Amino acid sequence: MLVSGRSVGVVSTARITHATPACAYAKTPSRDWEVDGEMVGVAEGCTDIASQLIYNNSYAKVILGGGRQYFLGRNDLDPELNHTNSGRQRLDGVDLTQVWKDDKDRRKLSAEYVWNKSQFDSVDPRNTDYILGLFEAGHMQYELDRDNGTDGEPSLAEMTQKAIQILQKDSKGFFLLVEGARIDHAHHDNNARRSLYEVLALEDAVKVANDMTDESDTLIIVTADHAHVFNIAGYPKRGNDIFGVVDNVGEDAIAADGIPFTTLLYANGNSYDWGNRTNVSSIDTTHKDYLQVAAAPRSSETHAGSDVTIYARGPMSHLIHSVHEQHYIAHVMTYAACVADNTQRCDHLENRDPNSANKNHDRTYLYVMCVLINFLHLYFVHV
Ligand SMILES: [Zn+2]
């Protein structure tokens, strides 16, 4: 993880031990080794991802997401479920949330552990330097299903805002990764409406980040790690509901078998109709539970090989352009942040007068946010 004396935060709507957030803080041969119960007999000497987050990353100031079950001992009561979820909780019996709290107490740091929205809302970022928020036993809820009441969960934008408020207090800057993880999950179920509303939740988070930072000192990168086999069919009338049936009458819109089709379709997945095409004109295809038809049967829709988009704003954003291999993005981030092999790049800036009128620019704040489209993730780095 990019640290180099700067503050660090990780935010995701998935389990915080899931693939993308774990990449920011853990090393493991298998993404599935999120908890010790997944490693029995196969991973002697290795440490599960949840343990790595708590024991090896005590400097991380912001940890917000789902996946509470992997941080509780197998006999611990889950505070939200009101029972143990022992099949998924930790075999070693360790309550890692308590380990996190004890570490902060021992070091006399201002820290809050929260697991619902009212607790989250009550955290004052002005006098809180460390926050651990685990809002679901597993993944957080889809935005379309989210309980935003006091017992519910914060939105991705709300988590992003709180994260930046806490991390921005560090005059040396910060790195923040924000993932809109569940865009991907809904696509895997051929559930376009839930997926696209997750995109809107991510858009809200990007707006928050843009509004709270200055492009003269903060690099924001928004991209995806892969696409999905998700398509928009042509020729519906202008203004037709994107979740609806292609409504043009005529040879442009009607399939060869005379049965209409929806604008949104998948190339594969669990909504394959086994050769009997359903007449979708008699179905509410705009409902959040409607699953768009897939062309080939699979238990789970797959990722795709098409290029994904990438956007950047702020210092060194000009390095993001045209078509890039994915690993290039990491080099841009380290170069812009003056870390890893690029520490010398900012040496001349360190010596400038901190009271100069242009001090923000002189300090070379770097705030990198990668938002992954389709499978949208946000990464923030702020130096
Ligand atoms: Zn996926």
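User: Where is glutamate 325 found?
Analyst: This is a predicted model. In it, glutamate 325 belongs to neither of its flanking elements, strand E12 (310-313) and helix H8 (326-337). The residue is found in the loop between E12 and H8.

User: Is glutamate 325 buried or exposed?
Analyst: The relative accessibility of glutamate 325 is 57%. Exposed means over 50%. Glutamate 325 therefore counts as exposed.

User: What distance separates the C-alpha atoms of glutamate 325 and aspartate 307?
Analyst: Along the chain, glutamate 325 and aspartate 307 are 18 residues apart. In space, their C-alpha atoms are separated by 9.8 Å.

User: Which strands stand at the edges of the open sheet with the order E8-E9-E10?
Analyst: The sheet has 3 strands with mixed pairing. An edge strand here has a single partner strand, so one side of it is left without a neighbour in the sheet. That holds for strand E8 (230-232) and strand E10 (294-297).

User: Which residue is the bridge partner of isoleucine 232 in E9?
Analyst: E8 pairs with strand E9 (residues 264-269) in the antiparallel sense, over 3 bridges. The bridge partner of isoleucine 232 in E9 is leucine 264.

User: Why is helix H2 roughly parallel to helix H3?
Analyst: Helix H2 (residues 49-56) and helix H3 (residues 96-106) have their axes 10 Å apart. Angles under 35 degrees count as roughly parallel. H2 is roughly parallel to H3 because they pack at an angle of about 10°.

User: How many residues of the contact of H2 with H3 are nonpolar?
Analyst: H2 contributes Ala50, Ser51, Ile54 and Tyr55, and H3 contributes Leu96, Val99 and Trp100. Of these residues, 1 is polar and none is charged, and the nonpolar ones number 6.

Notes. Residues are numbered from 1 along each chain as its sequence is written. This is a predicted model: local features need pLDDT of at least 70, side-chain atom pairs count only at pLDDT 80 or more; totals for chains, interfaces and linings use all residues. Side-chain values use heavy atoms; hydrogens and water are left out. Helices (H or I, at least four residues) and strands (E, at least two) are DSSP runs, numbered from the N terminus. Buried means under 20% relative accessible area, exposed over 50%, partly exposed in between (1.4 Å probe, protein chains only). Two strands pair if DSSP finds at least two bridges between them. Axes are lines fitted to C-alpha atoms, for helices over the stretch in contact, and angles run from 0 to 180 degrees between N-to-C directions. Angles under 35 degrees count as roughly parallel, over 145 as roughly antiparallel, 65 to 115 as roughly perpendicular and the rest as oblique. Contact means heavy atoms within 4.5 Å. Ala, Val, Leu, Ile, Met, Phe, Trp, Tyr, Cys and Pro count as nonpolar, Asp, Glu, Lys and Arg as charged, and the others, Gly among them, as polar.
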